[in-house]
Amino acid sequence: MVDSCSFVQTSTHIARLRHAAWNLTTTFHHSFSQTHVQTRANVRPFAQAHTDASTGTFTWLQACIPTTPWMISSASASIALTVLGSMTMWLLFWYMVYSAPRVEQVQEPSTCSVAAEHRGSIKRRPQIAALSGMRLPAAFWVTSWHAISLEYRLVTIPSPLSHLLMTFFFELSGFVFASAYDDGQLDDIASNRAFKARRLARLFPAYYLALGACLCLSPCTAAGGEACLTGYPATSVFLQGWLPVNMCSGGVITHYANSPSWFASDLLIFSLMSPWLCRILPRFARVHSNVAFLIGIMALRSVPTMAWSLGDIAVVPSYHWGFTRIWEYVAGVQLARLFKLYSAEGPCWQGWGWIFDGCCPLAFVWHSRGDRCGDNGGTWLASLLIFAAACASDPQDGRPKSGFLGRFFACGPLVQGAEWSHAFYHVSTPVRIAVPTAFWDPQGWWWQLPALLAACVAAAIPVTKVEHWLACRVDQSLKGGV
């Protein structure tokens, strides 16, 4: 039976979040509307297309930021700022590591395992093998779409599934964080700073190695447009996902440098904000109250879509924008709370594994049409898929207790491959750049694509080893080791 007090409390929180989100989007729309009125004469199409998910055709964004004196206009300045930005971020990272208070030793020996960046909290994290096993195949799909459909246009791969997978990654990140740390342990200053240092150690190696490779293989020139010249320096300081502006000279800056890294740009800020998010998000003691609050959060994900559709704001494409994607991460945090409460009430229903099986093929037909915000209710399906996998997993070994596809994704090779998925996602761009355009044959893409994916895996494995080595050094430093 629904508790009226809990329902009123939940509705109040949802209303406050909805009001704040709407104020943010309408204020942003008003400010850019004034800019559009003044610069409409300078607005012109640019040479970057967006894929229409329903038809596979390409559409053009019209609104853009015109050339101004403060723009980066030379290749040498762009390269210098990119190097300077990268060095600054690494210096800030090592300052955070060495200035952080030393954390207490955990009970197990201080060795460097493949998951050293999460040492001390592994036992808190639910082992959900099906979700881990989905990470590398999902990265395969997104990379394939980038290569043969978006870049070379050899064959049309449905883009809505790629959009849905990005939503899945954001929501899964929030779910994993809250599952491990949403118990107040990061309220301690030393633990909080140690968490942030370990998180940066996880993100930095693949991110900057891929960026450096892109800078060497495909540097920008003045003829490439201001979007490219601006994109590299913005990427070096993780700003491309928060300022994904559309330049009249070149297009959207997130399409340059290591273009898929906009995901890490958003995720870095979400990770650093996570302890604060867990403190401010309201907590509910009943399952139905948590469900109602989760529904409200998922509805808020559609607010930016509505604002962009009504206002036709194209200067900042909201698909990459962190203020749009944060609702997916918050939904993952709330989903973890719901799962903890639901699983604490007793054994989970055995049919959740089959619900997971039903969600997987449904993902291929979920989006009836595409939009530039990547919404279309993808957060709803991703939430159901993650929740079903979590409920179907055995608390002891994490393997699904029912279903077929869940058991497939939980197999050993795919779970092992999850370690490489982060590096694979980043190195796919420099690997694509290194492959000559003449390599691609419209009649032979079916064997060339697996070769490209194999090359990406081969590059991702040593990069993952670098990630583990850095995580080991950071872990030892945080514990007062050498």
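Me: Is C220 buried or exposed, judged by relative accessibility?
Reply: This is a predicted model, in which local features need pLDDT of at least 70, side-chain atom pairs count only at pLDDT 80 or more, and totals for chains, interfaces and linings use all residues. Residues are numbered from 1 along each chain as its sequence is written, and side-chain values use heavy atoms, with hydrogens and water left out. Buried means under 20% relative accessible area, exposed over 50%, and partly exposed in between, with a 1.4 Å probe and protein chains only. The relative accessibility of C220 is 6%, so C220 counts as buried.

Me: Which cysteine does a disulfide join to C220?
Reply: A disulfide is a pair of cysteine sulfur atoms within 2.5 Å. A search of the whole structure finds one such pair. Its S to S distance is 1.4 Å, and the cysteine joined to C220 is C228.

Me: What is the handedness of the disulfide of C220 and C228?
Reply: C228, like its partner, counts as buried, because its relative accessibility is 9%. The torsion about the S-S bond of C220 and C228 is about -65°, so the disulfide is left-handed.

Me: How far from C348 is the nearest cysteine sulfur?
Reply: C348 is buried, with a relative accessible area of 12%. C348 is in no disulfide; the nearest cysteine sulfur belongs to C391, at a distance of 4.2 Å.

Me: How many of the residues of helix α6 are buried?
Reply: Helices (H or I, at least four residues) and strands (E, at least two) are DSSP runs, numbered from the N terminus. Helix α6 covers residues 226-236, and its buried residues include C228, Y232 and P233. Helix α6 is largely enclosed by the rest of the structure, because the buried count is 11 of the 11.

Me: What covers the buried residues of α6?
Reply: Contact means heavy atoms within 4.5 Å. Two helices and two strands are among the covering elements. They include α2 (75-99), α5 (189-217), β3 (246-247) and β4 (251-252).

Me: Why are α5 and α6 described as roughly antiparallel?
Reply: Axes are lines fitted to C-alpha atoms, for helices over the stretch in contact, and angles run from 0 to 180 degrees between N-to-C directions. Angles under 35 degrees count as roughly parallel, over 145 as roughly antiparallel, 65 to 115 as roughly perpendicular and the rest as oblique. The axes of α5 and α6 lie 11 Å apart. The two helices are therefore roughly antiparallel, as they pack at an angle of about 160°.

Me: Which residues of α6 meet α5?
Reply: On the α5 side, Y207, Y208, L211, C214 and L215 take part. The partners in α6 are Y232, T235 and S236.

Me: How many charged residues are in the contact of α5 with α15?
Reply: The axes of α5 and helix α15 (residues 445-478) come within 9 Å and cross at roughly 155°. The contact includes R198 and R202 of α5 as well as E467 and D475 of α15. Ala, Val, Leu, Ile, Met, Phe, Trp, Tyr, Cys and Pro count as nonpolar, Asp, Glu, Lys and Arg as charged, and the others, Gly among them, as polar. The contact has 12 nonpolar residues, no polar ones, and, as to charged residues, four.

Me: What percentage of the residues in the protein chain is buried?
Reply: The protein chain has 15 helices and four strands. Of its 482 residues, the buried ones make up 54%.
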